[in-house]
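Visitor: I'd like to learn how to read a fold from its contacts and pairings. Could you walk me through one?

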Amino acid sequence: AVSVLYFARSAELAGLRCETLSVPREITSLQLWEEIVKVHPRLAVIRDQVIFAVRQEYVLLGDQVLVLQPGDEVAIIPPISGG
């Protein structure tokens, strides 16, 4: 399981700031996003703008395979500037 941290708009949409999710140990960043959206469908609206940070390193959504360790932190960082 990993700790998922929600910031700014993602926290508003998810309705919470952090939670623990069980996900496969090896997963692409895009698959990880899809797992999170299954739990919080409202997050889908920020899909094109969101950035992940895994162990405090930025990750773009895509085919990059993440190897997650138990307890890793995954931060969901939406665009900083409001419209």
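Visitor: Let's start with one residue. Which residues does I76 touch, leaving out those up to four places away in sequence?

Guide: This is a predicted model, so keep that in mind throughout. Here I76 touches V4, L5, Y6, F7, S10, W33, I36, V50, I51 and F52, once residues up to four places away in sequence are left out.

Visitor: How do I read a list like that? Which residues have the most contacts inside the largest nonpolar core?

Guide: The general idea is that nonpolar side chains tend to be buried together in soluble globular proteins. In this model the largest nonpolar core has 23 residues, and I36, L43 and I76 are those with the most contacts inside it. At least two residues of this core come from each of β1 (2-6), α1 (8-14), α2, β4 and β7 (73-77).

Visitor: And which element gives the most to this core?

Guide: That's α2, with 4 residues.

Visitor: Now the sheet. What is the order of its strands?

Guide: In general, strands of a sheet pair through backbone hydrogen bonds, either parallel or antiparallel. Here you have an open sheet of 5 strands, ordered β2-β1-β7-β4-β5, and the pairing is mixed. At the edges sit β2 (18-21) and β5 (57-59), each pairing on one side only. From one strand to the next, the twist averages 30 degrees.

Visitor: Mixed pairing, okay. In which sense do β1 and β7 run, parallel or antiparallel?

Guide: Parallel: β1 and β7 are joined by 4 bridges. One pair to click on is Y6 with its bridge partner I76 in β7. On the other hand, β1 and β2 run antiparallel, also with 4 bridges, and V2 has L21 as its bridge partner in β2.

Visitor: What about β4 and β7?

Guide: Those two pair in the antiparallel sense over 4 bridges. Look for V54, which stands opposite V74 in β7.

Visitor: A strand has two faces. Which residues of β1 are on its covered face, and which on the uncovered one?

Guide: V2, V4 and Y6 make up the covered face of β1, while S3 and L5 are on the uncovered one.

Visitor: Where does α2 lie relative to the strands?

Guide: It lies across β1, β2, β4, β5 and β7, and α2 runs at about 105 degrees to β4.

Visitor: Let's try a loop. H40 is in the loop between α2 and β4, but is H40 buried or exposed?

Guide: Check the relative accessibility against the cut-off: buried means under 20%. H40 comes in at 11%, so H40 counts as buried. Its side chain makes a polar contact with the side chain of E19 (2.6 Å). Not counting residues up to four places away in sequence, H40 touches Y6, A14, L16 and E19.

Visitor: R47 is placed in the loop between α2 (29-39) and β4 (51-54) too. Why does R47 count as partly exposed?

Guide: The partly exposed class falls between 20% and 50%. R47 has a relative accessible area of 35%, so R47 is partly exposed.

Visitor: What does R47 contact?

Guide: Leaving aside neighbours within four places in sequence, R47 is in contact with L30, W33 and L61. There's also a polar contact between the side chains of R47 and D48, at 3.3 Å.

Visitor: And how are R47 and E73 placed relative to each other?

Guide: They are 26 residues apart along the chain, and their C-alpha atoms are separated by 19 Å.

Definitions and conventions
Residues are numbered from 1 along each chain as its sequence is written. This is a predicted model: local features need pLDDT of at least 70, side-chain atom pairs count only at pLDDT 80 or more; totals for chains, interfaces and linings use all residues. Side-chain values use heavy atoms; hydrogens and water are left out. Buried means under 20% relative accessible area, exposed over 50%, partly exposed in between (1.4 Å probe, protein chains only). Contact means heavy atoms within 4.5 Å. A polar contact is a pair of N or O atoms within 3.5 Å; within protein, one must be able to donate a hydrogen and the other to accept it, and residues adjacent in sequence count only if both atoms are side-chain atoms. A nonpolar core is a set of buried Ala, Val, Leu, Ile, Met, Phe, Trp, Tyr and Cys residues joined through side-chain atoms within 4.5 Å. Two strands pair if DSSP finds at least two bridges between them. Axes are lines fitted to C-alpha atoms, for helices over the stretch in contact, and angles run from 0 to 180 degrees between N-to-C directions.
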